[in-house]
Amino acid sequence: MENEIRDFILYLHEEKKTSVNTELSYKRDLQKLQSFLSGQGIEDVGRITETSLNSYVLYLEKNQFAPATVSRHIAAVKAFFHFMLKRGMVSEDVTERLKAPKIEKKAPEVLTVEEAARLLEQPGKDAPKDIRDKAMLELLYATGKYSLQGTTQGRYLTGGVPPIRFSM
């Protein structure tokens with residue numbers, strides 16, 4: 001299985017033009033699968049079954065991997081098997097019925113009126129960038145385009161772009 005993983009990572013790099021981080025994540029996840037299967041006496045990719053993959057997912061869940069991590073592992077395994085099927089390395093896709101766990105969405109923590117006011121007061125008042133930042137915050141907040149979310153690390157302004165962190 002080691003050779004197949006190496007070929008897959010090479011395929012991701014050369015044909016799919018994936019980032020180094022993506023390649024490292026896929027490699028790490030697939031090596032974890034390889035280690036698990038090896039412990040089950042499965043060394044050849046042709047001997048991997050739907051049952052063995054379901055056992056692997058249960059192993060991840062029992063070892064308290066987060067649902068998002070389990071989903072990432074499943075995505076890596078599915079991509080790996082699609083690659084092997086396309087290349088004729090396996091005769092069937094045993095990942096077809098493999099399902100990712102549901103990822104619980106948590107309700108955002110709402111800012112108090114005072115916290116929202118402090119957020120809008122954060123940019124300075126004189127520099128052009130400060131005026132721009134304040135106008136952007138007020139526009140986004142007033143239109144409801146973005147929501148303010150709280151975490152233990154601070155407050156975040158989130159929307160269609162990566163979160164912008166504000167310390168409160």
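Hi everyone, this is a short tour of one protein chain, going from its overall make-up to a helix, a cavity and a loop. Please keep in mind that we are looking at a predicted model.

Let's start with the whole chain. It has six helices and three strands. If you follow the sequence from start to end, the order is α-α-α-α-α-α-β-β-β. Of the 168 residues in the chain, 33% are buried. And if you take the contacts with a separation of 6 or more, 51% of them are between residues 24 or more positions apart.

Now please look at helix α1, residues 2-14. Its 13 residues reach 18 Å from the first C-alpha to the last, close to the 18 Å expected at 1.5 Å a residue. Which residues of α1 are buried? They are Glu 4, Ile 5, Phe 8, Ile 9, Tyr 11 and Leu 12. These buried residues sit on the same side of α1, because they cover an arc of only 155 degrees around the axis. As general background, an α-helix has 3.6 residues a turn, so residues three or four places apart point the same way. Turn to the other side of α1 and you will find Glu 2 and Arg 6, which are exposed. And what do the buried residues of α1 pack against? Their partners are α2, residues 20-39, and α4.

Helix α4 comes up again in my next stop, the cavity. The structure holds one cavity of 30 Å³ or more, and the volume of the largest cavity is about 40 Å³. Its lining is made up of Leu 53, Tyr 56, Val 57, Leu 60, His 73, Ile 74, Val 77 and Leu 98. Two elements give two or more residues to this lining: α3, residues 50-62, and α4, residues 67-86. Of the elements, α3 gives the most, with four residues. What is the character of the lining, nonpolar, polar or charged? The count is seven nonpolar residues, one polar and no charged.

Last stop: a glycine in a loop. Gly 124 lies between α5, residues 113-121, and α6, residues 128-143. Is Gly 124 buried, exposed or partly exposed? With a relative accessible area of 30%, Gly 124 counts as partly exposed, because that value falls between the 20% limit for buried and the 50% limit for exposed. You can also compare Gly 124 with Lys 134: they are ten residues apart in sequence, and their C-alpha atoms are 8.1 Å apart in space.

That's my tour, so thank you for listening!

Notes:
Residues are numbered from 1 along each chain as its sequence is written. This is a predicted model: local features need pLDDT of at least 70, side-chain atom pairs count only at pLDDT 80 or more; totals for chains, interfaces and linings use all residues. Side-chain values use heavy atoms; hydrogens and water are left out. On a 1 Å grid over the protein atoms alone, a cavity is a set of points where a 1.4 Å probe fits but cannot get out, and a pocket is an open set with protein on both sides within 12 Å along at least five of seven lines; lining residues have an atom within 4 Å of a point. Grid points are joined across faces, edges and corners, and a volume is the space filled by probe spheres set on the points. Ala, Val, Leu, Ile, Met, Phe, Trp, Tyr, Cys and Pro count as nonpolar, Asp, Glu, Lys and Arg as charged, and the others, Gly among them, as polar. The expected span of a helix is 1.5 Å times one less than its number of residues. Buried means under 20% relative accessible area, exposed over 50%, partly exposed in between (1.4 Å probe, protein chains only). The arc is that of the directions from the helix axis to the C-beta atoms. Contact means heavy atoms within 4.5 Å.
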